Amino acid sequence: MKFTILKDEIAKPITNSTGFISSKGLNPILEHILITTLNGKITIKSTNIQTVFIETIDNPIEREGEVLIPAKDINNIIKEIDNSANIEFDYDGQRLNIKSGKFSSKLNTQSTENFPTKEDIIWEHNIPMDLEKFIKALKRTVFCISNDFNRVEYSGAHLTIKENTVYLSSADYMRVATDSFNIDVNQGDEITLNIPKKTVQELIKVFDAKEGTINIHTDGSWILFKYENVEIYSRLIDRYIKTIRSLFDKEPLIKIELNKDDLVAAIKRSSILINDTNNALLIKFNNNNINVSSLETEKGISRDELTAIKHEGEDIEIVVNSKYLLEILTNIQEEELILKIITKHYPIIIEPKSNEKYKYITVPLNIEKH
């Protein structure tokens with residue numbers, strides 16, 4: 001195998017491939033990437049069994065072949081080569097010789113025979129959608145995915161397609177996030193797919209700032225994301241939360257409209273003396289006045305106040321986890337918010353005033369003030 005390529009054309013595919021290797025040391029082969037050259041194309045492949053990354057680059061080939069090399073080593077070597085420089089790759093049957101200008105490196109390789117292959121999948125669904133909208137929805141919801149893998153249904157992003165609407169939802173035990181957008185093709189009956197958090201994070205890294213159409217294929221057990229010359233396969237989580245979107249359906253008794261930045265500033269100031277164990281913060285809604293304060297602790301107490309733009313319904317006070325609430329607010333780009341409240345113990349719905357498709361829920365803490 002031999003070819004020469006610009007660093008700018010191969011650096012990003014190599015970097016992306018490292019996100020799909022195994023780093024737990026269970027199988028050293030899974031810490032490698034496979035580079036194949038055939039018919040004027042360079043194919044870069046990596047896998048950790050649960051996910052597969054494949055990217056193809058059109059480039060002249062001097063000699064066809066394939067080589068299996070340590071992913072992190074090749075990535076670190078390429079990073080240190082000057083941008084826009086040519087890099088020559090020449091596999092001599094034992095080592096991969098890498099040259100660029102006066103720099104050279106000989107990288108030890110592994111046999112390609114033990115690298116996992118994937119059986120062909122018969123896809124049941126093909127769903128084309130706008131890539132930019134898809135990635136934006138993932139970014140708005142990914143932080144709510146739980147890290148508790150004892151409840152696997154909470155450990156992924158729920159991708160639901162019904163007719164011509166796509167819903168992205170995620171949840172842990174204290175909060176829920178959901179976003180939605182329309183697609184051009186009516187997909188008919190509702191399907192829900194639970195995509196592992198690690199896959200979601202890598203999708204954002206690989207496709208962020210890209211434009212165009214991404215094609216999503218699934219057979220119910222696996223999912224394929226195909227965009228131009230990139231393919232990402234992932235095994236799906238076999239359970240999902242069936243009622244995740246229904247949490248937003250109950251009619252609120254209280255609605256408060258307010259400025260997001262004012263609320264964020266008040267929460268940050270009032271959290272200075274907060275109890276780090278539960279991050280409890282008391283928020284009182286009294287007509288158009290909003291009082292934000294930490295609960296009394298051995299450190300003392302901090303208070304702040306802001307004014308609501310509009311308050312509908314009775315006065316109420318709630319105790320919230322300030323850390324979770326701030327994470328929600330910092331993922332909202334719009335300036336004005338609406339808080340929808342039923343009782344002080346029922347989940348609070350948070351949504352931008354100008355974007356009703358983008359919603360959050362946070363669960364109040366069951367702590368009485370002192």
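How much space lies in the largest pocket of this structure? Let's start there, and then walk through the rest together. The answer is about 780 Å³. Please keep in mind throughout that this is a predicted model.

So who sits around that pocket? There are 29 residues in the lining, and the closest to the centre are K24, N48, Q50, T51 and K198. If you like to think in elements, helix 1 (7–18), helix 4 (197–207) and strand 16 (230–235) each supply at least two lining residues. Helix 4 gives the most, with 6 residues. As for the chemistry of the lining, you will find 9 nonpolar, 13 polar and 7 charged residues.

Let me step back for a moment and show you the whole chain. We are looking at 370 residues, and buried ones make up 51% of them. The chain has 6 helices and 25 strands. Along its principal axes, the C-alpha trace spans about 75 × 50 × 35 Å.

Now to the second largest pocket. Its volume is about 260 Å³. Here I can read you the full lining: Y167, T178, D179, S180, R245, F248, D249, K340, E351, E356, K357 and K359. Which element gives the most to this lining? That is strand 12, residues 175–182, with 3 residues. By class, the lining has 2 nonpolar, 2 polar and 8 charged residues.

Two names from that list deserve another look, namely Y167 and R245. The charged end of R245 sits over the ring of Y167, 3.9 Å from the ring centre. There is another arrangement of this kind elsewhere: the charged end of R140 sits over the ring of Y358, at 4.0 Å from its centre. And Y358 has further partners, since ring pairs link F143, Y358 and Y360 into a cluster.

While we are on R140, let me show you the helix around it. Helix 3 covers residues 131–141, and its buried residues are L131, F134, I135, A137, L138, R140 and T141. So R140, whose charged end lies over the Y358 ring, is itself on the buried list. At the N-terminal end of helix 3, D130 acts as a cap: one of its side-chain oxygens lies 3.1 Å from the backbone nitrogen of E132.

Back to the rings. How many aromatic pairs does the structure hold? The count is 8. Let me take one of them, F3 with F89. The ring centres are 4.9 Å apart and the planes are at 20 degrees, so this pair is stacked; the cut-off for stacking is under 30 degrees. This pair also brings together distant parts of the chain: F3 is in strand 1 (residues 2–6), F89 is in strand 6 (residues 86–91), and the two are 86 residues apart. Both of these phenylalanines are buried.

Next, the enclosed space. The model has 1 cavity of 30 Å³ or more, and its volume is about 70 Å³. Around the cavity you will find L263, I283, F285, I318, V320, L325, L339, I348, I350 and T362. Strand 18 (280–286), strand 22 (316–321) and strand 24 (348–352) are the elements that give two or more residues to this lining. What is the make-up of the lining by class? It divides into 9 nonpolar residues, 1 polar and no charged. For contrast, recall the second largest pocket, with its 8 charged residues.

I have two single residues left to show you. The first is H32, which is found in strand 2, residues 32–38. Is H32 buried or exposed? Its relative accessibility is 8%, so it counts as buried. Its side chain also has a partner: it reaches the backbone oxygen of P28 at 2.8 Å.

The second is L258, in strand 17, residues 254–259. L258 has a relative accessible area of 0%, so it is buried; the limit for that is under 20%. If you follow the chain onward from L258, you come to E335, 77 residues apart from it in sequence, yet the two C-alpha atoms are separated by 8.7 Å.

And that brings us back to where we began, at the largest pocket with its space of about 780 Å³. If you open the structure yourself, try starting from K24, N48, Q50, T51 and K198, the lining residues closest to the centre of that pocket. Thanks for listening!

Key:
Residues numbered from 1 in each chain as written. Predicted model: local features only at pLDDT ≥ 70, side-chain atom pairs only at ≥ 80, totals over all residues. Heavy atoms only, no water. Phe/Tyr/Trp six-rings, centres within 6.5 Å; stacked < 30°, edge-to-face > 60°. Helix = DSSP H or I, 4+ residues; strand = E, 2+ residues; numbered from the N terminus. Buried < 20%, exposed > 50% of the residue type's maximum accessible area, 1.4 Å probe, protein only. Lys NZ or Arg CZ within 6 Å of the ring centre and 35° of its normal. 1 Å grid on protein atoms, 1.4 Å probe; cavity = no way out; pocket = protein on both sides within 12 Å on 5 of 7 lines; lining within 4 Å. Points joined across faces, edges and corners; volume = space filled by probe spheres on them. Nonpolar A, V, L, I, M, F, W, Y, C, P; charged D, E, K, R; others polar. Polar contact = N/O pair within 3.5 Å; in protein donor to acceptor, adjacent residues only side chain to side chain.
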